[in-house]
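Let's take a friendly walk through this structure together. Keep the model open beside you and follow along from stop to stop.

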Amino acid sequence: MHKYGGTICDMLGIDYPLIQGGMAWVSNASLAAAVSMAGGLGVIAAGNAPPEWVAEQIRKVREKTDKPFGVNVMLLSPYVEDVARIVTEERVPIVITGAGNPSSYVRTWKEAGCIVAPVVASRALAMMMQRMGADFLIAEGCEAGGHIGELTTMVLVPDIVRSVGIPVVAAGGIFDADTVAAAFCLGAKGVQVGTRFILAEECTAHEEYKNRIIKAKDIDSKVTGRITGHPVRVLRSPLVRVMARVEYEENAVEKLEELGVGSLQNAVLYGDKDNGSFMAGQCACMLDRVQTAAEIIRELFDEERLKSICNQVFCGRLLEG
Ligand code: TUI
């Protein structure tokens, strides 16, 4: 059993137990530096980007701040080997992995002195990662945007908390002080927030992407590509309609993969209405404005609000009922 007794803040050297989601193309040096400077953990998402781009973002964050930051290594990337090597060479303080099993890299990163935190979507991978020496886990439920697993945050987080001894950070559906409080009620020691940070002023994603999130209704959140084995949560769009139809055609997997290539980049960089894949979590329907990263963090961890929620939950709503 892992003996770590402190908080996620002590472990990572940050002020709030908050990790900014590693969103491909969205989470660049501008967003990561802003979140780190505001007291959370800013994260650069390697996504499918080439290693040179990742190295440049690391350099840019270090130019802007001395605060700790992370790199999210997307394990399905064609450049994953090179990105993994850059992260080691640069001795990135915190390495987060997503969309797969990072077993073959964990030891190297630990030996380089990195803190390693895999995103997990199942108990089996969580237990394996604890055994491999992961420092903490990020349990991401399927309310999250982008590539998702099967289980909801409400079930996944308490299940992982009970299955391992290392700290667990909750992800998927967390966007305000109420949902932060809920995550802590489930046994999480911190939260990862993605979608809400797309609406940060410091986030360079295209205006169309931000507007899509602001305008999103509850039923605009869709999951594409279930048959490919890599389901992805996105906002409704013309591309999503095409993808839903293709799922029932012959050679669906190949066709879907072809449609998917470059579609996220089209959305984030160019705001392409027709060919863009606007990945976002289910909470998009409750987000309505652009704020600075510091304002977002202040709201998420509004002490008065968190205290009042705890009072209501434990002394009011429950006992009265
Ligand atoms: O990785 C994410 N979210 C992402 S990655 C991404 S880029 C992409 N685009 C198109 C297709 C695929 C990826 C966009 N959003 N979140 C973390 C996450 N990891 N969610 C689910 C998982 C996961 C799933 C299965 C982690 C491990 C896993 O285990 C596989 C195994 O081999 O055990």
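Start at the loop that joins α11 and α12, where you will find Asn-251. Bear in mind as you look that this is a predicted model. The phi angle of Asn-251 is near 50 degrees, a positive value in a residue that is not glycine. Is Asn-251 buried or exposed? Neither word quite fits: Asn-251 is partly exposed, with a relative accessible area of 49%.

From this loop, step back into α11, which covers residues 238-246. Which of its residues are buried? They are Leu-239, Val-240, Met-243 and Val-246. These four sit on the same side of α11, because they cover an arc of only 125 degrees around the axis. The general rule behind such a pattern is that an α-helix has 3.6 residues a turn, so residues three or four places apart point the same way. The face of α11 turned away from the buried side carries Arg-241 and Arg-245, which are exposed. As for what covers the buried residues of α11, the elements include the strands β10 (221-224) and β11 (232-235), together with the helices α12 (252-260) and α13 (263-270).

Now turn to another helix, α10, which runs over residues 207-215 and holds Lys-210. Lys-210 is buried, yet it has no salt bridge. The nearest side chain of opposite charge belongs to Glu-202, and that is 7.4 Å away. What does lie by the polar end of this lysine is backbone: a polar atom of the Lys-210 side chain is 2.8 Å from the backbone oxygen of Ala-200. Setting aside neighbours within four places in sequence, the contacts of Lys-210 include Ile-198, Leu-199 and Val-290, and Glu-201, Cys-203 and Ala-205 are also among them.

The last stop is the ligand. Which of the 14 residues around the ligand come nearest? They are Ala-99, Gly-100, Leu-125, Glu-140 and His-147. Backbone and side chain both take part here. A polar backbone atom of Ala-99 is 3.0 Å from a nitrogen atom of the ligand, and a backbone N or O atom of His-147 lies 2.9 Å from a ligand nitrogen. Glu-140 uses its side chain, with an N or O atom 3.0 Å from a nitrogen atom of the ligand.

Ala-99 deserves a second look. This residue lies in the loop between β4 (94-98) and α5 (103-111). Although Ala-99 is not a glycine, it has a positive phi of about 65 degrees. Ala-99 is partly exposed, at a relative accessible area of 24%.

Terms used:
Residues are numbered from 1 along each chain as its sequence is written. This is a predicted model: local features need pLDDT of at least 70, side-chain atom pairs count only at pLDDT 80 or more; totals for chains, interfaces and linings use all residues. Side-chain values use heavy atoms; hydrogens and water are left out. Helices (H or I, at least four residues) and strands (E, at least two) are DSSP runs, numbered from the N terminus. Buried means under 20% relative accessible area, exposed over 50%, partly exposed in between (1.4 Å probe, protein chains only). Lys and Arg count as positive and Asp and Glu as negative; His and the chain ends are not counted. A salt bridge is a side-chain nitrogen of Lys or Arg within 4 Å of a carboxyl oxygen of Asp or Glu. A polar contact is a pair of N or O atoms within 3.5 Å; within protein, one must be able to donate a hydrogen and the other to accept it, and residues adjacent in sequence count only if both atoms are side-chain atoms. Contact means heavy atoms within 4.5 Å. The arc is that of the directions from the helix axis to the C-beta atoms. A residue is near a molecule or strand if one of its heavy atoms lies within 4 Å of it.
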